[in-house]
Amino acid sequence: MYFTGITIAVMTFLTIGIWHPIVIKTEYRWGTRPWIAYLLVGLCCIVSALFVENIYMSSFLGVFGASALWGIGELFSQKKRVEKGWFPMNPKRKHEYQKIDKNETLCPVHHVRRIYATDDEDATDTRG
């Protein structure tokens with residue numbers, strides 16, 4: 001029997017699971033400022049995965065790097081979750097948060113401003 005696929009699947013599951021609390025703790029302690037560190041870690045891991053011959057290590061580096069890059073978006077979404085009151089706010093950084101509507105979506109697609117507006121529409125309307 002071959003356990004490579006199952007081993008990589010478990011490694012992927014654990015790696016993604018580890019990133020969830022990392023994002024929450026990062027946002028609580030430092031806010032969204034460390035997004036650049038997530039970018040650098042992600043890119044370094046992904047590029048490193050291209051040069052590692054061991055399939056397990058290469059897979060781990062690729063998944064870890066992709067999770068770091070995905071964590072950038074999650075870091076900003078986590079800030080929105082804190083603003084909505086779903087997660088605790090760091091009292092030392094209270095000035096960095098703004099109160100938002102509890103019904104506001106976290107999806108970035110629905111916050112895009114329309115580029116083209118008709119005469120009877122306001123160009124700043126958001127989709128939703």
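Threonine 12 sits in helix H1, where helices are DSSP runs of H or I with at least four residues, numbered from the N terminus. At 23% relative accessibility, threonine 12 counts as partly exposed; on this scale buried means under 20% relative accessible area, exposed means over 50%, and partly exposed lies in between, with a 1.4 Å probe and protein chains only. The C-alpha atom of threonine 12 is 7.1 Å from that of phenylalanine 60, although 48 residues separate the two along the chain.

The model is predicted, so local features need pLDDT of at least 70 and side-chain atom pairs count only at pLDDT 80 or more, while totals for chains, interfaces and linings use all residues. Residues are numbered from 1 along each chain as its sequence is written, and side-chain values use heavy atoms, with hydrogens and water left out.

The protein chain has three helices and zero strands, in the order α-α-α along the sequence. Of its 128 residues, 26% are buried. Its accessible surface comes to about 9300 Å², and carbon and sulfur atoms hold 66% of that area; the areas come from the Shrake-Rupley method with a 1.4 Å probe, and for residues only the protein chains shown count as cover. A contact is a pair of heavy atoms within 4.5 Å. Among contacts in the protein chain with a separation of 6 or more, 51% are between residues 24 or more positions apart.

H1 can be checked for length. The expected span of a helix is 1.5 Å times one less than its number of residues. For the 27 residues of H1 this gives 39 Å, and the end C-alpha atoms are 38 Å apart, which agrees. The buried residues of H1 are Ile8, Thr15, Trp19, Val23, Thr26 and Glu27. These residues pack against helix H2 (35-49) and H3. An α-helix has 3.6 residues a turn, so residues three or four places apart point the same way.

Two of those H1 residues, Trp19 and Val23, belong to the largest nonpolar core, together with Tyr38, Ala68, Ile72 and Leu75. A nonpolar core here is a set of buried Ala, Val, Leu, Ile, Met, Phe, Trp, Tyr and Cys residues joined through side-chain atoms within 4.5 Å. Helix H1 (4-30) and helix H3 (55-83) each supply at least two residues of this core, and H3 gives the most, with three. One of the core members, isoleucine 72, touches Trp35, Tyr38 and Leu39, not counting residues up to four places away in sequence.

Isoleucine 72 is also where H3 bends, by about 30°; the bend is the angle between axes fitted to the seven residues ending at a residue and the seven starting there. Over its 29 residues, H3 reaches 41 Å from first C-alpha to last, close to the 42 Å expected.

At the N-terminal end of H3, asparagine 54 acts as a cap, with a side-chain oxygen 2.8 Å from the backbone nitrogen of tyrosine 56. Tyrosine 56 is partly exposed, at 33% relative accessibility. Leaving aside neighbours within four places in sequence, tyrosine 56 is in contact with Thr4, Thr7, Ile8 and Met11. Its C-alpha atom lies 6.7 Å from that of isoleucine 8, 48 residues away along the chain. Serine 58, also in helix H3, is buried, with a relative accessible area of 18%. The side chain of serine 58 reaches the backbone oxygen of alanine 49 at 2.8 Å. Such a polar contact is a pair of N or O atoms within 3.5 Å; within protein, one must be able to donate a hydrogen and the other to accept it, and residues adjacent in sequence count only if both atoms are side-chain atoms.

The ends of the helices remain. Just after H1, glycine 31 takes a positive phi of about 80°. Threonine 32 follows in the loop between H1 and H2 and is buried, at 17% relative accessible area. Beyond its neighbours within four places in sequence, threonine 32 is in contact with Leu75, Phe76 and Lys79. After H3 comes glycine 85, whose phi is also positive, near 90°. Proline 88 lies in the segment after H3 and counts as exposed, at 56% relative accessibility. With neighbours within four places in sequence set aside, proline 88 is in contact with Tyr28 and Val82. The C-alpha atoms of proline 88 and tyrosine 28 are 7.9 Å apart, across 60 residues of sequence.
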